[in-house]
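Me: I would like to understand how the words used for a protein model are justified. Could we go through them one at a time?

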Amino acid sequence: MPFDVTQWWIIDIVLPAILLIVLIWLVMRRRSNRSESELSQGGGDGTEAATRDLYREEEERRRDGTDQL
């Protein structure tokens, strides 16, 4: 059963356009979610602050001699 012109037009133009729209929507959604989470963590430095806290705790355990537990 060969495809006619309309079916090829759908495959060549409509489906890639739908895919592009979905990809743009996902990127925009991810960016908005990331900016909201950064705002809730105090301006985006939440990860850095958590890392500093973790390093500080590890250093305290190392100095106390309890890092092997």
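Reply: What follows sets values for this model against the definitions of the terms.

Reply: This is a predicted model, in which local features need pLDDT of at least 70 and side-chain atom pairs count only at pLDDT 80 or more, while totals for chains, interfaces and linings use all residues. Residues are numbered from 1 along each chain as its sequence is written, and side-chain values use heavy atoms, with hydrogens and water left out.

Me: What makes up the secondary structure of the chain?

Reply: The chain has two helices and zero strands, where helices (H or I, at least four residues) and strands (E, at least two) are DSSP runs, numbered from the N terminus.

Me: How do you know that the span of helix α2 is close to the expected one?

Reply: Helix α2, residues 46–64, has 19 residues and reaches 27 Å from its first C-alpha to its last. The expected span is 1.5 Å times one less than the number of residues, and for α2 that expectation is 27 Å, so the two values agree closely. After α2 comes G65, whose phi is positive, near 85 degrees.

Me: Why is the pair R56 and D53 called a salt bridge?

Reply: A salt bridge is a side-chain nitrogen of Lys or Arg within 4 Å of a carboxyl oxygen of Asp or Glu. The closest N and O atoms of R56 and D53 are 3.8 Å apart, so this pair meets the definition. R56 also forms a salt bridge with E60, with the closest N and O atoms 3.3 Å apart, and thus D53, R56 and E60 are linked in a network of salt bridges.

Me: Where do R56 and its partners lie along helix α2?

Reply: D53 is three residues from R56 in helix α2, a separation of about one helical turn, and E60 is four residues from R56, again about one helical turn. An α-helix has 3.6 residues a turn, so residues three or four places apart point the same way.

Me: Why is R56 called partly exposed?

Reply: Buried means under 20% relative accessible area, exposed over 50%, and partly exposed in between (1.4 Å probe, protein chains only). R56 has 41% relative accessibility, so R56 counts as partly exposed. D53, at 37%, is partly exposed, and E60, at 41%, is also partly exposed.

Me: What makes E59 and R62 a salt bridge?

Reply: Their closest N and O atoms are 2.3 Å apart, which meets the distance condition, so the pair counts as a salt bridge. E59 is partly exposed at 28% relative accessibility, and R62 is partly exposed at 48%.
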